[in-house]
Amino acid sequence: MTDAAELRARTKELLAAHPPVGTDRLDFLRARFDAGLAWVHYPEGLGGLGAPRSLQAVVDAELAAEGAPDNDPRRIGIGLGMAAPTILQYGTDEQKRWLLRPLWTGEEVWCQLFSEPGAGSDLAALGTRAVREGEDWVVNGQKVWTSSAHLARWAILIARTDPDLPKHRGITYFVCDMTDPGVEVRPLRQITGEAEFNEVFLTDVRIPDSRRLGAIGDGWRVAQTTLNNERVAIGGTPIPREGGMIGKIAETWRERPDLRTHDLHQRLLGLWVEAEVARLTGVRLRQQLAAGQPGPEGAGMKLNFARLNQEISGLEVELLGEEGLLYDDWTMRRPELVDFTGRDAGYRYLRSKGNSIEGGTSEVLLNIVAERVLGLPAEPRTDKDVAWKDLAR
Ligand SMILES: Cc1cc2nc3c(=O)[nH]c(=O)nc-3n(C[C@H](O)[C@H](O)[C@H](O)COP(=O)(O)OP(=O)(O)OC[C@H]3O[C@@H](n4cnc5c(N)ncnc54)[C@H](O)[C@@H]3O)c2cc1C
């Protein structure tokens, strides 16, 4: 078993062979992947060493101390947090070898073609069709709210391959080439004024069967791996104490004594404690993850993350009074990442509204926690045995 001392030694070897000053950024990242120091809990040959996940921090600290470049994880969150664990669990050896390296280095951005105009919370109702033609699948349909589709080289896609089966059973999971001529990406403007996400039209897109992830008809099960990881990726990202949104409001509080009131102080202290509890819960969740894929408990993290972000950014706008209502820029930008700490209070307030929708709405996550964590009775689901083609739409 690889331990911390061995990882330190390997990291030093990497740094000696590829000194960060003077080595091209991409060359360094590729060498880091090949040395098994990208994500140490992944298998050897796929960017890891089969080491405990918790030891990643040892490598990251050594590299940061030497000023080594990182793979800009916020820009490639869908690839790292959602596509990669799904490929690792369900991909063939060839798919893993071919896809994971450029995904990790950030050379290839990924997006998620799941939601449709008629299938968001009820994702299993999706209607995008994939029909087999020889060695290919021909895909037609419309996806929506696709973050980063305009930047993406690849997408994880779920499509209906058998409309005669009940909705959860006739779905198959694919890797879709976003440069295929049948893929059309159109921007969707959000409440922030930006277009971080898109609608995506798929017209006769040909996907070779070799780009299927998992068995035909097993796409719902494969998608659960993606969705459970998505909730952890959104709600459980590691941050330092007083990092993220709570850090920004604490900074304002310290720098602007003119804005303080007793009532705001009490509320800020309450939220500070909640943010710290959430952070420590995230640390514990990630330690549990060292043993495998996340389950429904990630839903609880993401629920709390959304509520706290909205309450903290609401309090920040209140604290700033009229200044909090200023917004820096309404031009329709196409941002490469969601930046909660690099932007102004107005951005944080507006963007955090999406936190209780993306990756599963808070209402739906409450259902998951109730049924799958607490074991409460399930919601009635009258359509689960009806063929998808016979469902009312
Ligand atoms: C910023 C952002 C980024 C996103 N990025 C992506 C992406 O990259 N790829 C992608 O595929 N999707 C993405 N989404 C889509 C997101 O997953 C969906 O918006 C979400 O799942 C909700 O689906 P919907 O919008 O169709 O709302 P609906 O499902 O129509 O829900 C409408 C309302 O009904 C409530 N509701 C629905 N069902 C139930 C129920 N059973 N019990 C109680 N209440 C219920 C919901 O909570 C919600 O309030 C993104 C969304 C946002 C906001």
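1. A polar contact is a pair of N or O atoms within 3.5 Å, where, inside a protein, one atom must be able to donate a hydrogen and the other to accept it. In this predicted model, the side chains of R351 and E358 form such a contact at 3.0 Å. R351 has another polar contact, at 2.9 Å, with the side chain of E196.

2. The setting of R351 is worth a look. This arginine is part of helix α10. Is R351 buried or exposed? Its relative accessible area is 6%, and buried means under 20%, so R351 counts as buried. Leaving out residues up to four places away in sequence, R351 touches Q190, T192, E196, V338, F340 and E358. Both polar partners of R351, E196 and E358, therefore appear among the residues that R351 touches.

3. A second arginine to inspect is R32, in helix α2. R32 is buried as well, because its relative accessibility of 6% falls under the 20% cut-off. The side chain of R32 makes a polar contact of 3.1 Å with the side chain of D60. Apart from residues up to four places away in sequence, R32 touches L14, L37, A38, Q56, V59, D60, L63 and W104.

4. Now the nonpolar interior. The largest nonpolar core is made of 33 residues, and W39, I87, L100, W110, F114, I158 and Y173 have the most contacts inside it. Two or more residues come from each of the helices α2 (25-34), α4 (77-90), α5 (93-105) and α6 (219-235), and from each of the strands β4 (154-160) and β5 (171-177). Which element gives the most to this core? That is α4, with six residues. A second core, separate from this one, has 20 residues, including I76, W137, F174 and L202.

5. Y173 can be followed residue by residue. Its neighbours within four places in sequence are set aside here. Y173 is then in contact with T86, F114, I156, L157, I158, R211, R212, L213, G219, V222, A223 and T226. Two of these, F114 and I158, are also named with Y173 among the core residues that have the most contacts.

6. L126 sits in the loop between β1 (110-113) and β2 (129-133). Although L126 is in a loop, it is buried, at 0% relative accessibility. Beyond residues up to four places away in sequence, L126 touches E116, A119, K143, I158, A159, R160, I171 and W388. For a sense of distance, the C-alpha atoms of L126 and T11 are separated by 45 Å, and the two residues are 115 residues apart along the chain.

7. I357 is also a loop residue, placed between α10 (345-351) and α11 (362-373). Its relative accessible area is 56%, and exposed means over 50%, so I357 counts as exposed. The C-alpha atoms of I357 and G120 are separated by 9.6 Å, while the residues themselves are 237 residues apart along the chain.

8. Two backbone angles should be checked by eye. Most residues other than glycine have a negative phi. D72, which is not a glycine, has a positive phi, near 50°. D72 lies in the loop between α3 (56-65) and α4, and at 27% relative accessibility it is partly exposed. S148 is not a glycine either, and its phi is positive at about 65°. S148 is in the loop between β3 (136-143) and β4. Unlike D72, which is partly exposed, S148 is buried, with a relative accessible area of 14%.

9. The last item is the ligand. Around the ligand there are 18 residues, of which S115, S121, W145, T361 and E363 come nearest. What classes of residue make up the shell around the ligand? The shell has four nonpolar, ten polar and four charged residues.

10. Three short distances involve an oxygen atom of the ligand. One is 2.7 Å, to a polar backbone atom of S115. Another is 2.6 Å, to an N or O atom in the side chain of T361. The third is 2.7 Å, to an N or O atom in the side chain of E363. On its own, the ligand has 970 Å² of accessible area, and the protein covers 68% of that.

Note on methods: Residues are numbered from 1 along each chain as its sequence is written. This is a predicted model: local features need pLDDT of at least 70, side-chain atom pairs count only at pLDDT 80 or more; totals for chains, interfaces and linings use all residues. Side-chain values use heavy atoms; hydrogens and water are left out. A nonpolar core is a set of buried Ala, Val, Leu, Ile, Met, Phe, Trp, Tyr and Cys residues joined through side-chain atoms within 4.5 Å. Buried means under 20% relative accessible area, exposed over 50%, partly exposed in between (1.4 Å probe, protein chains only). Helices (H or I, at least four residues) and strands (E, at least two) are DSSP runs, numbered from the N terminus. Contact means heavy atoms within 4.5 Å. A residue is near a molecule or strand if one of its heavy atoms lies within 4 Å of it. Accessible areas come from the Shrake-Rupley method with a 1.4 Å probe; for residues, only the protein chains shown count as cover. Ala, Val, Leu, Ile, Met, Phe, Trp, Tyr, Cys and Pro count as nonpolar, Asp, Glu, Lys and Arg as charged, and the others, Gly among them, as polar.
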